[in-house]
Amino acid sequence: MTPPPRVYVYDRTAAHHSRRLLDQRLLGCRNTAERYGWEVVGVWMDVGLDSMTELPSERPGFMRLVRQMNADGHVFGRPVMCLVHNWDRLTTDNSIRPAFQRHVLGAGGHTTTTFDESDARARDAFAGRRRA
């Protein structure tokens, strides 16, 4: 039996006044993790100007998440996952989103939304594995 994944929650917000919406999205992530029995490791965010860049490497919160995910995956030997409320939390530009997903893939994980969307199959295909 595979142990439950360690979940790394990510969000971003450009406006400080939208804290209520941010809190609601984060609560949705925690509720999703609880529903599936996933362990939430922590929450990483990018706020203000950091949240608006479309390059993963220029989002310090996102890059800290990826580094932690990479380190934990090797130490604990458990599946790791980046959980976001929806795909827009990574970027609203669908042509750029794969760049964010590749960073998570490179850390040994996959990305999932609170709407049960996941790139796990794409990750497995890229890694040459088949899902049952």
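Student: Where does cysteine 82 lie?

Tutor: Cysteine 82 lies in strand E3, and since this is a predicted model, whatever is said about that residue here is computed from predicted coordinates.

Student: Okay, and is cysteine 82 buried or exposed?

Tutor: Cysteine 82 has a relative accessible area of 0%, and because the cut-off for buried is under 20%, cysteine 82 counts as buried.

Student: What does cysteine 82 touch, leaving out residues up to four places away in sequence?

Tutor: With those sequence neighbours left out, the contacts of cysteine 82 are Tyr8, Tyr10, Leu65, Met69, Val104, His110, Thr111 and Thr112.

Student: How far apart are the C-alpha atoms of cysteine 82 and glutamine 101?

Tutor: Their C-alpha atoms are separated by 9.1 Å, with the two residues 19 positions apart along the chain.

Student: Which residues touch the most other members in the largest nonpolar core?

Tutor: That core has 16 residues, and Tyr8, Tyr10, Phe62, Leu65, Met69, Cys82 and Leu90 are the ones that touch the most other members. At least two residues of this core come from each of E1, H2, E3 and H3, and H2 gives the most, with five residues. In soluble globular proteins, nonpolar side chains tend to be buried together.

Student: What about a second core, and which residues does that one include?

Tutor: There is a second, separate core of nine residues, and among them are Val9, Leu22, Cys29 and Met81.

Student: Back to the contacts of cysteine 82: where is threonine 112, and what does its side chain do?

Tutor: Threonine 112 has its place in strand E4, residues 109–113, and with a relative accessible area of 5% threonine 112 is buried. The side chain of threonine 112 makes a polar contact of 3.3 Å with the side chain of histidine 110, and another, of 3.4 Å, with the side chain of serine 118. Not counting residues up to four places away in sequence, threonine 112 touches Trp38, Met81, Cys82, Leu83, Val84, Glu117 and Ser118.

Student: Switching to charges, how many salt bridges does the structure hold?

Tutor: The structure holds seven salt bridges. One of them joins the side chains of arginine 6 and aspartate 72, at 3.4 Å from N to O. Arginine 6 lies in strand E1 (residues 6–13) and aspartate 72 in helix H2 (residues 60–76), so this pair ties together parts that are 66 residues apart in sequence.

Student: And are arginine 6 and aspartate 72 buried or exposed?

Tutor: Arginine 6 counts as buried at 8% relative accessibility, and aspartate 72 counts as buried at 7%. Both also belong to a network of salt bridges that links Arg6, Glu39, Asp72 and Arg78.

Student: Which residue meets aspartate 11 in a salt bridge?

Tutor: The partner of aspartate 11 is arginine 89, and their side chains meet at 2.8 Å, N to O. Aspartate 11 lies in strand E1, whereas arginine 89 lies in the loop between strand E3 (80–84) and helix H3 (97–106), so the pair ties together parts that are 78 residues apart in sequence. Aspartate 11 and arginine 89 are both buried.

Student: What about arginine 19, which residue does that one pair with?

Tutor: Arginine 19 forms a salt bridge with aspartate 23, and the closest N and O atoms are 3.2 Å apart. Both residues lie in helix H1 (residues 19–36), four residues apart, which is about one turn of the helix. Arginine 19 counts as partly exposed at 44% relative accessibility, and aspartate 23 is partly exposed as well, with a relative accessible area of 38%.

Student: Last topic, rings: how many aromatic pairs are there?

Tutor: The count comes to four aromatic pairs. Tyrosine 36 and tryptophan 38 form one that is stacked, with 4.8 Å centre to centre and 20° between the planes. Tyrosine 36 is partly exposed, with a relative accessible area of 39%, whereas tryptophan 38 counts as buried at 19% relative accessibility. Tyr10, Phe62 and Phe100 form one aromatic cluster.

Student: And which residue lies over the face of tryptophan 87?

Tutor: That residue is arginine 97, which lies over the face of tryptophan 87 at 4.4 Å from the ring centre.

Note on methods. Residues numbered from 1 in each chain as written. Predicted model: local features only at pLDDT ≥ 70, side-chain atom pairs only at ≥ 80, totals over all residues. Heavy atoms only, no water. Salt bridge = Lys/Arg side-chain N within 4 Å of Asp/Glu carboxyl O. Buried < 20%, exposed > 50% of the residue type's maximum accessible area, 1.4 Å probe, protein only. Core = buried A, V, L, I, M, F, W, Y, C linked by side-chain atoms within 4.5 Å. Phe/Tyr/Trp six-rings, centres within 6.5 Å; stacked < 30°, edge-to-face > 60°. Lys NZ or Arg CZ within 6 Å of the ring centre and 35° of its normal. Polar contact = N/O pair within 3.5 Å; in protein donor to acceptor, adjacent residues only side chain to side chain. Contact = heavy atoms within 4.5 Å.
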